[in-house]
Structure formats: structure tokens, C-alpha cells
Number of protein chains: 2
Amino acid sequence: MITRGPSLTEQVRQHIKQLIVENGFEEGRIPPETELAADLGVSRTTVRDALSRLEHEGAIVRRQGAGTFVNPHGLRIKTRLEEMWSYEEMLKDHGYTPSVKVIGIDIEPPAPDTAQALGLEEGQQVLAMEKVFYEDDDPVVLTYNFVPADLIDGEVIPSDAEAPIFEFLEQQTGNQLAYYLSEIVPVLLTEEWAELLGTEPGTASISFDETGFDTDGRPLVHARSMFRDDLLRLGVMRRKSGG
Amino acid sequence: MITRGPSLTEQVRQHIKQLIVENGFEEGRIPPETELAADLGVSRTTVRDALSRLEHEGAIVRRQGAGTFVNPHGLRIKTRLEEMWSYEEMLKDHGYTPSVKVIGIDIEPPAPDTAQALGLEEGQQVLAMEKVFYEDDDPVVLTYNFVPADLIDGEVIPSDAEAPIFEFLEQQTGNQLAYYLSEIVPVLLTEEWAELLGTEPGTASISFDETGFDTDGRPLVHARSMFRDDLLRLGVMRRKSGG
DNA sequence: CAGTGGTCTAGACCACTTT
DNA sequence: AAGTGGTCTAGACCACTGA
């Protein structure tokens, strides 16, 4: 019944997740691991791995000796900060139907912080992309992405920039984005930013400053994103460490 | 050689972490899992679990078919947002030697958002605790904690409030904090906050608004924390989901 | 005391990278 | 082809919860 495609563990995870959102478990109680394993015809280890992911997502809570339970609060989390997403995805998860507008694309010398983040030498340039994500006519997210010009293979046209940045990087540079190191910085919106975000200058906002690396630890992109706090709020689930 | 106390997996994790920070691996290459297992006298599964935790912390990178490697960038992360910590711990990780000052303790009616977050009925009160964390004479963090008064067993004296909030809750209510749901909110500092944080009113700042729950999903505490961005910056590592 | 999740083992096979 | 991490199995025993 459960076989091909993604890993068994992932299939089991999705299967259980499905049942959770459909309210398929009585009183939020998830069956014992041995029972799930027998029902699905997989080993208990596989079930446990799947449950561990769901626990990590905040979808369930496990209590030793007592059982495993649906976590109604965890299901409220829309955006898991510790995961990589495209802003389209993120906005969809919030119930929006987003659109993208590329404000500008340019090859230019990097700002000092960008040069440092990307480990660029004097004289090396970056491809700068400025985008705004909208929900209907409301701007929600403003992003700047800076990619070392050396990495880009061919010519770049504005429509390329509409793709999520990791797709863009894979297509234009052949490198895969493995992780971001991100900082959360409070800022006052400048006039330029405020106008693009359709709000007032001087508004307090979050700036998400991050550098993306490939698996070899090479920096591929430096990015800065600003949000309309009234339309999009960042959330995170915080647990004890070492699970 | 590796035996008692914490779990085997945790001991292996610490052992490898130790070697990483001591630069005990040539060229940042970590030995094959089978070799580690044989050397430490544990199963490969145990080694893999330990490595998974280190990967999750950002300390290492695993590349199928190639090997496991130290991640120098990941080691830079001081504060992992998705983990629960006490602010003392957090500041120590940043190289500070923090101290705490309890500004005030009071039993009072909850603000509307606090009442909602804690699911309180009309008339129920909260224990409010206001604290500032200092590095030397510089205030770095300002926190407000609100605990339902019903949960508190005995009398509370100011020195009790100096303990980390999860210790406080365990001692005063007997309940264990399992996780927080947190939101990151940009704010302009009010005069009161600015004075306590030793900075100017109107400065852009992060407000960390969170509710803490026990394993049964009961809200135990509602909290709000403000930071001196120039002294303490929140960081997070973002990876692909489903690992 | 029965039932649950937590830890650990030993081993098989697969997918991928490197030589 | 050899070596690495990725997935999965079957089973043992422990720690904790709740009736």
C-alpha cells in the first residue's frame, strides 16, 4: 500500500499528517508506534522517524509512557523560521495568493557588507535583484538579492529573476543552496523602502539579513528582506535542545 | 570509556563536538560513521543520531557518498532561535557575564492580549514579573513574564523571580515548560522601555512575544522581551525542510 | 503491572561520490 | 570499483505513565 517515490519515512509522515489535519484520530490521540508499524507494514524505526519529524514540526507531542498526541497549538504555526522557503510558498501558507514584481536588475559593485558576506575581492561585482511580493495590490515583502557576478553563467533577463532565488541560483550558476545564516535586525523604514512597501517612512520593521551557502560552505547569495508587519508576522516554535 | 549519565548518543555528540572545537579533525573531515562506531564501541545508529544532532546545530555538513565535514560557518551561530534558553545562558554564549535585576513583581489583572494568550476568564489575575539583564552596567534584555495567579502554589518573593522562568515555573507551579510559540514583532521603544534599556525612545527594536505551554498544551506563561540590537543580535540557521 | 515511548544493537541494502 | 552516507529492518531492553 505504501511503496514508491519518496522515502518510506516521508510517506508515513505525510500519511499521518493527513490524518491529523482531517481530524482522523479520536481525541487527538495517535495510535501506539507498534500499532502504526503493523498497520502500515513498516518497521517501528520508520514510524518513529516519521513521528520525530512531525514532532519537530510541532504537529504532535510525545509523552513517554503515556502516548503520542496531536498538538493543536503547533498546527497554528504558518512559517517555520528555521526552514528555507520561497516567499511565494510562505505567503500561500498564510492564505494569500501572491504575485511578484521585479523592480530592478543590475550588475554593480557590492556594498561593503555584501562584499564581506560573499568574500569578494576588490573589483568583483554582484548581480543585484530587487523584488516586491504582493497580495492583491498590497505589497507584503521587499527583497534584495546579491549574487557574485562571477558565478552567473549566461545572460540574465528580468523574467529569470521572478523565480525563487534557489531555483534561480541552480539554473544560472549550477550550484545548490544548502542553508542560510540569517540575522533578524530591527530597522526604521527609509522613504524608499516605505514607498515600495506602501507604508509610512519611520515605521518599525524587521529586516531579515542572510547569506546563503552551498554544501561546500561557499557563499552564493547575500539577501535582505523587509516585511509589512501588519500583514505578515514571523513565528517560531522553541523547544528544549538536544532532541 | 563511554558509559554512564546522559544517553550514549548525547555522549557521542559531545565527544565529537569537543573534537570539532579543538580542531581535532584534519582538514575538517570527520571520520566515516563505521569508523567512529568502532572506535567508540557503539553502534553505527548511535553515531548517526549524534551526527544528526550536530548537523541540526549547524556544526557539521553531511554529503552522501563524500563524507562528513566540519561547518565553520555554522559554528558562528551563537543563539539558535528555535531552542529554549534562559537569557543568562544566551548572554554567556555571546561571551558576556550577565547579571539580573528584578524591576518589579506584582499581582494584577492581565492585559487583554495576555488574558487571551493564557486563556483566562474575567476576573482571573496574573503574576507579573519585570526583569532586566545586564552585561556589566549595560542593560541588554528587558523581559516581562505573566503567569496565571491560579497556578502559583505559595508566596513569591523577589529573589524567586531571579531564576530562569522555566525553573521558576517548575518550583512555583510544579508544571514543566515544554515549548514556546513565539512571534517576532518590530517595535519602537517607548520612553519607559528605552530608559530601562539605556537607549533612546523611538529606537527600532525587536519584541519577542511568546506563550509557553506544558506537554498537555496548557499555557503557563505569556512573555515579552525586548533587546538592545547593538549588543545582542538574533540569528538562525535555515535549511531545507524534512531532514 | 500492562502499555507506552526512549535508547541501542547488528546487519542488510541502496544511492551517490570519488578514484 | 571502493568507500561514503541514506534508508530500513527486527528485535532487545529501559524509563516512565496510568489504571
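**Exercises: a DNA surface and a helix pair**

Helix 3 of chain A contributes three residues to the surface near DNA strand D, the most of any element. The model is predicted.

**Exercise 1.** Describe the protein surface around DNA strand D by its residues and their classes.

*Solution.*
Step 1. Count the residues: 23 surround DNA strand D. The closest are A:Leu8, A:Thr9, A:Thr46, B:Arg44 and B:Gln64.
Step 2. Sort them by class: five are nonpolar, eleven polar and seven charged.

**Exercise 2.** Find which parts of DNA strand D face the protein, and give examples of polar contacts.

*Solution.*
Step 1. Take the atoms of DNA strand D within 4 Å of the protein: 66% belong to sugar or phosphate, and the rest to bases.
Step 2. Look at single pairs. A polar backbone atom of A:Leu8 is 2.3 Å from a phosphate oxygen of the strand. For B:Thr68, a polar side-chain atom lies 3.1 Å from a phosphate oxygen. A:Gln64 has a polar side-chain atom 3.3 Å from a sugar or linking oxygen.

**Exercise 3.** Classify the packing of helix 1 and helix 3 of chain A.

*Solution.*
Step 1. Read the geometry: helix 1 (residues 8-21) and helix 3 (residues 44-57) of chain A pack at about 55 degrees, with axes 8 Å apart.
Step 2. Compare the angle with the cut-offs: under 35 degrees is roughly parallel, and 65 to 115 is roughly perpendicular. The two helices are therefore oblique to each other.
Step 3. Add the handedness: the crossing is right-handed.
Step 4. List contact residues: helix 1 of chain A supplies A:Val12 and A:Ile16, among others, and helix 3 of chain A supplies residues including A:Ala50 and A:Leu54.
Step 5. Sort the contact by class: seven nonpolar, two polar and six charged residues.

Definitions and conventions. Residues numbered from 1 in each chain as written. Chains lettered and ligands numbered in written order. Predicted model: local features only at pLDDT ≥ 70, side-chain atom pairs only at ≥ 80, totals over all residues. Heavy atoms only, no water. Axes fitted to C-alpha atoms, helices over the stretch in contact; angles between N-to-C directions. Helix = DSSP H or I, 4+ residues; strand = E, 2+ residues; numbered from the N terminus. Parallel < 35°, antiparallel > 145°, perpendicular 65-115°, else oblique. Left-handed = near helix turned anticlockwise from the far one by under 90°. Contact = heavy atoms within 4.5 Å. Nonpolar A, V, L, I, M, F, W, Y, C, P; charged D, E, K, R; others polar. Near = heavy atom within 4 Å. Polar contact = N/O pair within 3.5 Å; in protein donor to acceptor, adjacent residues only side chain to side chain.
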